[in-house]
Amino acid sequence: MVLLDLGLPDIDGVEVCRRLRQSCDAAIIIVTARGEESDRVLALDEGADDYLIKPFGLQELLARIRAVLRAAPARRPGAAARPLTVDLRTHKVTVGATTSR
């Protein structure tokens with residue numbers, strides 16, 4: 001499960017979503033202040049599983065996480081979990097042995 005804000009300092013969050021989707025099967029929920037329909041459509045088309053606009057309540061976030069996780073086995077039969085490492089200092093994400101920047 002990845003909770004991804006679109007407002008990142010060095011790269012657009014939609015690009016991070018696109019790269020994550022290419023390299024792993026993790027469920028992705030966008031959590032952002034961007035509420036325009038075009039932003040929602042773009043993120044969902046690029047691989048996000050859900051999109052939540054700030055501000056939101058903790059109970060809604062938890063419900064959306066549960067919903068996405070319930071749907072995950074049906075979408076990704078036989079998918080194996082791989083370790084995910086996020087290095088905040090270097091802005092690198094490693095999935096298994098694959099590194100993205």
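The sulfur of Cys 17 sits 9.6 Å from the closest cysteine sulfur, the one in Cys 24, and that is too far for a bond. Keep in mind that this is a predicted model. Seen from the other end, Cys 24 is in no disulfide either, with the sulfur of Cys 17 as its nearest at 9.6 Å. A disulfide needs the two sulfur atoms within 2.5 Å, and by this rule the count is 0 disulfides.

Are these cysteines, and Thr 32 too, buried or exposed? Here are the values:

| Residue | Relative accessible area | Status |
|---|---|---|
| Cys 17 | 1% | buried |
| Cys 24 | 7% | buried |
| Thr 32 | 2% | buried |

Now for the sheet. It's an open one, made of 3 strands in the order β1-β2-β3, with parallel pairing. β1 (2-4) and β3 (50-53) are at the edges with a single partner strand each, so each has one side without a neighbour in the sheet. On average, neighbouring strands are turned by 20° against each other, ignoring direction.

Let's zoom in on β1 and β2, which pair in the parallel sense over 3 bridges. Leu 4 has Ile 30 in β2 as its bridge partner. Helix α1 (residues 13-23) lies across these two strands, running at about 160° to β1. Helix α2 (residues 37-45) packs on the sheet as well, touching β2 and β3, and its direction makes about 150° with that of β3.

Back to Thr 32, which belongs to strand β2 (residues 28-32). A polar atom of its side chain lies 3.2 Å from the backbone nitrogen of Arg 34. Leaving aside neighbours within four places in sequence, Thr 32 is in contact with residues including Asp 5, Leu 6 and Tyr 51.

How values were computed. Residues numbered from 1 in each chain as written. Predicted model: local features only at pLDDT ≥ 70, side-chain atom pairs only at ≥ 80, totals over all residues. Heavy atoms only, no water. Buried < 20%, exposed > 50% of the residue type's maximum accessible area, 1.4 Å probe, protein only. Helix = DSSP H or I, 4+ residues; strand = E, 2+ residues; numbered from the N terminus. Polar contact = N/O pair within 3.5 Å; in protein donor to acceptor, adjacent residues only side chain to side chain. Contact = heavy atoms within 4.5 Å. Pairing = 2+ DSSP bridges. Axes fitted to C-alpha atoms, helices over the stretch in contact; angles between N-to-C directions.
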